[in-house]
Amino acid sequence: MRTETTGIKVDPKNLLQNPVQGSTLVERKRVVLVGNPNVGKSCVFNYLSGAYVDVSNFPGTTVALSSGNYKEYEIIDTPGIYGVSSFNDEERVARDVIIEADIIINVVNSLHLERDLFLTKQLIEMGKKVTIVLNFTDEVKRKKIKIDAARLSALFWC
Ligand SMILES: Nc1nc2c(ncn2[C@@H]2O[C@H](COP(=O)(O)OP(=O)(O)OP(=O)(O)O)[C@@H](O)[C@H]2O)c(=O)[nH]1
Ligand SMILES: [Mg+2]
């Protein structure tokens with residue numbers, strides 16, 4: 001896993017350094033990892049949640065969901081999807097989990113931005129707080145591709 005977010009090289013753990021402060025009783029936030037198949041969601045999930053992980057089928061389906069903890073956050077790993085259009089069980093499950101999420105970490109393969117950002121757009125349109133993790137930056141460097149993360153950020157959030 002090699003990650004980079006909007007312009008700044010980061011460790012995914014740094015994405016979750018500043019919990020949202022509410023009252024003195026800080027609510028447990030649900031962070032959901034979402035992305036296309038094979039983009040490295042489970043690598044990020046394992047890195048954040050470590051050894052103590054629950055795996056269960058989403059009720060009424062054979063779709064497996066993993067959940068774990070990182071600090072005061074609950075982290076959920078979802079199956080790879082290309083969209084949230086309820087095209088199949090994976091998309092339906094992911095959509096249900098996304099709706100209940102406080103924060104979405106959208107992992108994308110930096111070599112396939114055109115494909116992967118279709119889902120990103122859908123996630124933003126769902127009104128969710130989305131952080132994009134640009135993964136596969138080792139491959140990007142190897143191919144001498146330059147990604148303008150600041151421009152990408154501006155295109156999505158301005
Ligand atoms: N080169 C490279 N390989 C990576 C990187 N991140 C993950 N991988 C590899 O990509 C493959 C898929 O990683 P996973 O974490 O299983 O991906 P996923 O998104 O959870 O896959 P699905 O759950 O099947 O959608 C594995 O072989 C990882 O080792 C990266 O940054 N660079
Ligand atoms: Mg996975």
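## Ligand 1 shell and two positive-phi residues

The shell around ligand 1 holds 6 nonpolar, 6 polar and 4 charged residues. The model is predicted.

In total, 16 residues surround ligand 1. Gly-40, Lys-41, Ser-42, Cys-43 and Gly-80 are the closest. Two elements, α1 and α4, each give two or more residues to this shell. The top contributor is α1, with 3 residues.

Now the backbone. Most residues other than glycine have a negative phi. Asn-38 has a positive phi of about 65 degrees, although it is not a glycine. Lys-144 is not a glycine either, and its phi is positive, near 55 degrees.

Where do these residues lie? Asn-38 is in the loop between β1 (29-35) and α1 (41-49). Lys-144 is in the loop between α4 (137-142) and α5 (149-157).

| Residue | Phi | Loop between | Other C-beta atoms within 10 Å |
|---|---|---|---|
| Asn-38 | about 65 degrees | β1 (29-35) and α1 (41-49) | 11 within 10 Å |
| Lys-144 | near 55 degrees | α4 (137-142) and α5 (149-157) | 6 within 10 Å |

Is Asn-38 buried or exposed? Asn-38 is exposed, because only 11 other C-beta atoms lie within 10 Å, and the cut-off for exposed is 12 or fewer. Is Lys-144 buried or exposed? Lys-144 is exposed too, because 6 other C-beta atoms lie within 10 Å.

The two topics share elements. The loop of Asn-38 leads to α1 (41-49), and α1 gives 3 residues to the shell around ligand 1. The loop of Lys-144 follows α4 (137-142), and α4 also gives two or more residues to that shell.

Key
Residues numbered from 1 in each chain as written. Chains lettered and ligands numbered in written order. Predicted model: local features only at pLDDT ≥ 70, side-chain atom pairs only at ≥ 80, totals over all residues. Helix = DSSP H or I, 4+ residues; strand = E, 2+ residues; numbered from the N terminus. Buried ≥ 20, exposed ≤ 12 C-beta atoms within 10 Å, placed from the backbone. Near = placed C-beta within 6 Å. Nonpolar A, V, L, I, M, F, W, Y, C, P; charged D, E, K, R; others polar.
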